[in-house]
Amino acid sequence: YYWLGFLIAEGHFSKNGRLSCTLSIKDEDHIIKLSSFLNVKYTTYNNLVRVSVMDVNTVKKLMGQYSISSNKTYSPPDLSSINPKFLLPLKIGFIDGDGSIQYQTGRKDCSLSVKCHSSWKTTLENLFQIPVRINNKGYSFLSITNNTILRKLKQDANQLNLPVLIRKWGLIDEKSVSRQETARLWHQEASKMKQLGESINIISKKLNKKYTTVYNALKRKEVVSE
């Protein structure tokens, strides 16, 4: 299901039963993994690497089962028949094909984004289980900036021993704690201390935070009044 997700994003399914996938030479290691999985040879040319295999029965079966079009850029597949327990490796594979993982500006935290033709909106929502918007250029677009979610995705992928694209997932430090998570934890601790009767002055000293920072955080949580 990982490779199915990757090929739905990055591969080409021909009506005559040929499956092919072409990547930049920088991703040769990934093509080697794919060629090993398919038990076929790969070729290199003009700084590109390519796997191509003719298998009428298998390719046409896949295309029929998941409504995969030879023009899938504009015609998304139908993934509704896939068992939900297989959606995670499918999603990771799709991200490796069509997703972008990069550092957020001026931060060590990452963001994940996916941009496809507008016709992919429902398919992406079903796959990622989050709202997908149509951006001002008419593309289906989703973005995940919560690094707690991204770290969990990477941890799950590692646990399943998926052959992920290292240049993307290597950016995510699954052992770090994001700003959002750090804030959530100290906000939670401040709320508990306030409910136990501690003053904001004491709380701010114990948490090594400014008085106004703690006050505003508790006010947003309605733990303190005006």
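A residue is called buried when its relative accessible area is under 20%, exposed when that area is over 50%, and partly exposed in between, with a 1.4 Å probe and protein chains only. By this definition Arg107, at 24% relative accessibility, counts as partly exposed.

The structure is a predicted model, in which local features need pLDDT of at least 70 and side-chain atom pairs count only at pLDDT 80 or more, while totals for chains, interfaces and linings use all residues. Residues are numbered from 1 along each chain as its sequence is written, and side-chain values use heavy atoms, with hydrogens and water left out.

**Exercise 1. Describe the overall form of the chain.**

Step 1. Take the secondary structure: the chain has 10 helices and eight strands. Helices (H or I, at least four residues) and strands (E, at least two) are DSSP runs, numbered from the N terminus.

Step 2. Compare the radius of gyration with the globule rule. The radius is taken over C-alpha atoms, and the rule is 2.2 Å times the number of residues to the power 0.38. The chain has a radius of gyration of 23 Å, well over the 17 Å that the rule gives for 226 residues, so the chain is more spread out than a compact globule.

Step 3. Add the dimensions: along its principal axes, the C-alpha trace spans about 75 × 35 × 30 Å.

Step 4. Turn to burial and surface. Of the 226 residues, 40% count as buried. The chain exposes about 13200 Å², of which carbon and sulfur atoms supply 48%; these areas come from the Shrake-Rupley method with a 1.4 Å probe, and for residues only the protein chains shown count as cover.

**Exercise 2. Determine how far helix H1 is covered, and by which elements.**

Step 1. Locate the helix: H1 comprises residues 2–10, and eight of its nine residues are buried.

Step 2. Name the buried residues: Tyr2, Trp3, Leu4, Gly5, Phe6, Leu7, Ile8 and Ala9.

Step 3. Identify the packing partners. The buried residues of H1 pack against strands S1 and S2 and against helices H2 (28–38), H3 (56–65) and H4 (87–98). Contact here means heavy atoms within 4.5 Å.

**Exercise 3. Trace the strand pairing from S1 through S2 to S4.**

Step 1. Recall the criterion: two strands pair if DSSP finds at least two bridges between them.

Step 2. Begin with S1 (residues 11–13) and S2 (residues 18–24), which run antiparallel and are joined by three bridges. His12 stands opposite Ser20 in S2.

Step 3. Examine the connection. S1 and S2 form a hairpin with four residues between them, and Gly17 in the turn has a positive phi of about 100 degrees.

Step 4. Continue to S4 (residues 48–54), which pairs with S2 in the antiparallel sense over seven bridges. Ser20 has Ser52 as its bridge partner in S4.

**Exercise 4. Work out the order of the four-stranded open sheet and the setting of Ser111.**

Step 1. Read the order: S5-S6-S8-S7, with antiparallel pairing. The edge strands, S5 (99–103) and S7 (133–134), each pair on one side only.

Step 2. Consider S6 (residues 110–117) and S8 (residues 139–144), which pair in the antiparallel sense over six bridges. Val114 stands opposite Leu142 in S8.

Step 3. Place Ser111 in strand S6. Ser111 counts as buried because its relative accessibility is 13%.

Step 4. List its neighbours. Leaving out residues up to four places away in sequence, Ser111 touches Ser100, Ile101, Gln102, Gln104, Ile144, Thr145 and Leu150.

**Exercise 5. Compare three salt bridges by the accessibility of their partners.**

Step 1. State the criterion: a side-chain nitrogen of Lys or Arg lies within 4 Å of a carboxyl oxygen of Asp or Glu. The structure holds five such salt bridges.

Step 2. Take Asp109 and Arg107, whose closest N and O atoms are 2.8 Å apart. Asp109, at 8% relative accessibility, is buried, whereas Arg107 is partly exposed at 24%.

Step 3. Take Lys121 and Glu125, which meet at 2.8 Å, N to O. They are separated by about one helical turn because they stand four residues apart in helix H5 (residues 121–128). Lys121 is partly exposed at 28%, and Glu125 is partly exposed at 24%.

Step 4. Take Glu198 and Lys206, which also form a salt bridge at 2.8 Å, N to O. Glu198 is partly exposed at 25%, while Lys206 is exposed, with a relative accessible area of 54%.
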